[in-house]
Amino acid sequence: MSLLDYFRSTKKKTASTAKERLQIIVAHERNRRSGPDYLPQLERDILEVIRKYVDIPADQISVSLEQRSDELSVLELNVSFPDEKR
Amino acid sequence: MAKIIVVTSGKGGVGKTTSSAAIGTGLALSGHKTVIVDFDIGLRNLDLIMGCERRVVYDFVNVINGEANLKQTLIKDKRVENLFILPASQTRDKDALTKEGVEKVLNELAKDFEFIICDSPAGIEAGAMMALYFADEAVVVTNPEVSSVRDSDRILGMLSSKSRRAERNEDAIKEHLLLTRYNPERVAKGEMLSVEDVQEILAIPLIGVIPESQAVLNASNSGQPVTLDQESDAGQAYLDTVSRLLGNNVDFRFLTVEKKGLLKRIFGG
Ligand SMILES: Nc1ncnc2c1ncn2[C@@H]1O[C@H](COP(=O)(O)OP(=O)(O)O)[C@@H](O)[C@H]1O
Ligand SMILES: [Mg+2]
């Protein structure tokens, strides 16, 4: 690396931002693909219900179905609520 | 048994046709009888990249409809022994390719060829599905850039759920990552996803890395698959890729920036 590059490197590199964003979206989309077709609609319905009480952004909810064994699947619902004080 | 290899990506303009031409030519150069099939119905371009655009008489859809036979339709390459092209049709009818029709043609090709390379159209719709449906192996062409990587992952999803092998519960399609238009300098500066980054996200084995290269444009300008330019970085990188496809263990090249002089190292270049 050159000296100039060294000083430039204090800023966060766009490639690492790209990688982080990709890891999140790809994991999300894989989850969608492997789950049942009703999952996206279920997620929207749950979002609507929660929004009756708390206004949360759409990316703060995720629903996934995980097959634990032949007899057991677990529906995982993840909701992040906004900071109370705001 | 012929091996059917689809060259696919989801996103357009990432180098599928360039790679189909280069890999098909490389396989033929290694002595394997190879046909490259253009599945990009309506947007025929493989003929231009292979330099045989003026020799197209019949096309893929003519063969499916029984308007011509394969012998009349296949174009034999004039430079490389054992290399043939099946051109796409320029019809605007998107449904011109039927599963039954494609299967019939591939079965007939399989009697005669060792490798059938399917150059997929962009997208994740019927056309791309048709190109990958019968595949034994897939070369997933990806650029080190967010939308290309994401689309490649979608194609991986299709390969494992929408292909004939998936529907029949047979062994999965063998997937290979081909990273193209790679620029080691920009990677070193942290401006471009690295080979390792893309591999980590897509999690499939790497078959090749093709540098961003002027040689590719020169090759397409003159209708020569870039593997025939054996002096060029891209040509050599594609030949390495072909060798790996044939099962050889070849070191990766063109991954790092060439060494610079001391002054350049201090002040940047
Ligand atoms: N390694 C490379 N270096 C420079 N340009 C490239 C490289 N690979 C592909 N290209 C260029 O990118 C463009 C799209 O390539 P093409 O093979 O037609 O993509 P696709 O078939 O995926 O749409 C073309 O102009 C081609 O010359
Ligand atoms: Mg193309």
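Me: A salt bridge is a side-chain nitrogen of Lys or Arg within 4 Å of a carboxyl oxygen of Asp or Glu. In this predicted model, what makes the meeting of the side chains of A:E29 and B:R150 a salt bridge?

Reply: The N to O distance between the side chains of A:E29 and B:R150 is 2.6 Å, and because the rule asks for a separation within 4 Å, this pair satisfies it. A:E29 belongs to helix α2 (residues 14–34) of chain A, whereas B:R150 belongs to helix α7 (residues 146–161) of chain B, so the salt bridge joins two chains. The pair is also part of a network of salt bridges in which A:E29, B:R150, B:D151 and B:R154 are linked.

Me: Why is A:E29 called buried, and why does B:R150 count as partly exposed?

Reply: The relative accessible area of A:E29 is 13%, and since buried means under 20%, the residue falls in that class. B:R150 has a relative accessibility of 29%, which lies between the cut-offs of 20% and 50%, and therefore the residue is called partly exposed.

Me: How do you know that A:R33 and B:D153 meet in a salt bridge, and why does the pair count as joining two chains?

Reply: The side chains of A:R33 and B:D153 come to 3.0 Å, N to O, so the pair meets the requirement of lying within 4 Å. A:R33 is placed in helix α2 of chain A and B:D153 in helix α7 of chain B, which means that the two partners come from two chains. A:R33, at 36% relative accessibility, is partly exposed, while B:D153, at 1%, is buried.

Me: What makes the A:R32 and A:E43 pair a salt bridge, and which parts of the chain does the pair link?

Reply: The closest N and O atoms of A:R32 and A:E43 are 3.0 Å apart, and because the limit is 4 Å, the pair qualifies. A:R32 sits in helix α2 of chain A and A:E43 in helix α3 (residues 39–51) of chain A, with their positions 11 residues apart, and the pair is described as linking distant parts of the chain. A:R32 is partly exposed at 28% relative accessibility, whereas A:E43 is buried at 10%. Counted by the same rule, the salt bridges over all chains come to 19.

Me: Why is B:R244 said to have no salt bridge?

Reply: The nearest side chain of opposite charge to B:R244 is that of B:D240, at 4.2 Å, and because a salt bridge has to lie within 4 Å, this pair does not qualify. B:R244, which is buried, is found in helix α12 (residues 233–245) of chain B. A polar atom of the B:R244 side chain does lie 3.1 Å from the backbone oxygen of B:V250. Leaving aside residues up to four places away in sequence, B:R244 touches B:I207, B:G208, B:V250, B:D251 and B:F252.

Me: Why is B:F134 called buried, and where is its place in chain B?

Reply: B:F134 has a relative accessibility of 5%, and since buried means under 20%, the name applies. B:F134 is placed in the loop between α6 (126–133) and β6 (137–142) of chain B. Not counting residues up to four places away in sequence, B:F134 touches B:I4, B:K99, B:V102, B:E103, B:L106 and B:R164. The C-alpha atoms of B:F134 and B:V6 are separated by 8.6 Å, although their positions lie 128 residues apart along the chain.

Me: What makes B:E108 count as partly exposed?

Reply: B:E108 has a relative accessibility of 38%, and because this is neither under 20% nor over 50%, the residue is called partly exposed. B:E108 has its place in helix α5 (residues 99–110) of chain B.

Me: Which residues come nearest to ligand 1, and how far is an oxygen atom of the ligand from the side chain of B:T18?

Reply: Of the 13 residues around ligand 1, those that come nearest are B:G13, B:K16, B:T17, B:T18 and B:S213. An N or O atom in the side chain of B:T18 is 2.6 Å from an oxygen atom of ligand 1, and a backbone N or O atom of B:G13 lies 2.8 Å from a ligand oxygen. For B:V14, the backbone N or O atom lies 3.2 Å from an oxygen atom of ligand 1. Taken alone, ligand 1 exposes 560 Å², and the protein buries 78% of that.

Methods
Residues numbered from 1 in each chain as written. Chains lettered and ligands numbered in written order. Predicted model: local features only at pLDDT ≥ 70, side-chain atom pairs only at ≥ 80, totals over all residues. Heavy atoms only, no water. Helix = DSSP H or I, 4+ residues; strand = E, 2+ residues; numbered from the N terminus. Buried < 20%, exposed > 50% of the residue type's maximum accessible area, 1.4 Å probe, protein only. Lys, Arg positive; Asp, Glu negative; His and termini not counted. Polar contact = N/O pair within 3.5 Å; in protein donor to acceptor, adjacent residues only side chain to side chain. Contact = heavy atoms within 4.5 Å. Near = heavy atom within 4 Å. Areas by Shrake-Rupley, 256 points an atom, 1.4 Å probe, with all protein chains shown as cover.
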